[in-house]
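Student: I should like a close look at one part of this model, namely its aromatic rings and the charged side chains beside them. Please take the matter step by step.

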Amino acid sequence: KFLVGRIIIFNLHTLSFFEFLNYKNSRLFEIYKKDDYSDVYLSELNSYLKEYLKFGGYPRVLLVDKEEDKKEILKNIYNTYLLKEIKEILQYKDTYMFDTLIKNLAIQTGGIINYNDLSAKTGIPYSKLKEQLSMLEKTFICKFLLNFHTNKQIELVKSPKIYFFDLGLRNYIYGNFSENPEGYLYENFIFCEYLRRDINLKFWRTRTGAEVDFIYEKDLKTFVPIEIKSKITASSVDKSYRSFIERYSPKEGFILSLDYNNIKSINNTKIHFLPFIRFLSNYNSN
């Protein structure tokens, strides 16, 4: 209380992909910054992206070369920070329920949280569960993505999605370091890149199941839909994405994947099909 007006608080995230690439390959990083490179470079950049999605951005993890060493460091972060420090904060007698909770969240990455179902799986009472989830968010382990809605009758309102601040830690908790990341890991990645800029995305889902991964609210009347695909080969737009366009008539939207690049218009909406890497290089230059 004695520091009011004399202190500046800022969030220190793990390394972004931009920072990760600069350390791993400064030559490629300089090419990437210019946003003017051939598909040959895109393929090389994507290989680094997959590595980043596999082991995350903790600096200590980046500084070692062997995969087993990286996993050991992530194990130590999990055991020291989560199972000891958080245990003390939440005044746990043991860590079993908390360990069960965090593993269930890792399994549900990119999915919509059902509090009653999660309470049943973990044995944590509903009221206490909300408290513990809030603690995970405040300590920069998980982050909840809220719903975008303008009509409560047809759109979901109170069911958030779950993402992790660092994918390396999430992959350790889940027990899987896949060489070929699934779509929800790319979702988590894009979500975190926006989060680093203090931009809070939302997601859109109707009660009939139509869904768009992210909605970026530029202002009260400008909404940008962003859909994540691990792999696409054509300029196809699914029914859910079209539903959002028909309802909100955005000026532009994005469908992101590993390597597909094109532009397509639906009604008056310009849809940019972009590789994750090209989307981010433009994002970092603005």
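Student: Over the ring of which residue does the charged end of Lys70 sit, and how far is it from the centre of that ring?

Tutor: In this predicted model, the charged end of Lys70 is placed over the ring of Phe55, and the distance to the ring centre is 5.8 Å. That value falls within the 6 Å cut-off for a charge over a ring. A second lysine is placed over an aromatic face: Lys130 lies over Tyr115, at 4.5 Å from the ring centre.

Rings also pair with one another, and the count of aromatic pairs comes to 26. One of them joins Tyr194 and Phe279, whose ring centres are 6.4 Å apart with 40 degrees between the planes, a tilted arrangement. Tyr194 belongs to helix α10 (residues 183–195) and Phe279 to helix α12 (residues 276–285), so this pair ties together parts that are 85 residues apart in sequence. Tyr194 and Phe279 are both buried. Helix α10 (residues 183–195) thus supplies one partner of the pair. Elsewhere, one aromatic cluster is formed by Phe17, Phe18, Phe20, Phe29, Tyr32, Tyr52 and Phe189.

For another charged residue, one may turn to Arg242, which is located in helix α11 (residues 239–248). Arg242 counts as partly exposed because its relative accessibility is 32%. Leaving aside residues up to four places away in sequence, Arg242 touches Val237, Lys264 and Ile266. The C-alpha atom of Arg242 is separated by 20 Å from that of Lys152, and these two residues are 90 residues apart along the chain.

Notes. Residues are numbered from 1 along each chain as its sequence is written. This is a predicted model: local features need pLDDT of at least 70, side-chain atom pairs count only at pLDDT 80 or more; totals for chains, interfaces and linings use all residues. Side-chain values use heavy atoms; hydrogens and water are left out. Rings of Phe, Tyr and Trp (its six-membered ring) pair if their centres lie within 6.5 Å; planes under 30 degrees apart count as stacked, over 60 as edge-to-face and the rest as tilted. Helices (H or I, at least four residues) and strands (E, at least two) are DSSP runs, numbered from the N terminus. Buried means under 20% relative accessible area, exposed over 50%, partly exposed in between (1.4 Å probe, protein chains only). A charge sits over a ring if NZ of Lys or CZ of Arg is within 6 Å of the ring centre and within 35 degrees of the ring normal. Contact means heavy atoms within 4.5 Å.
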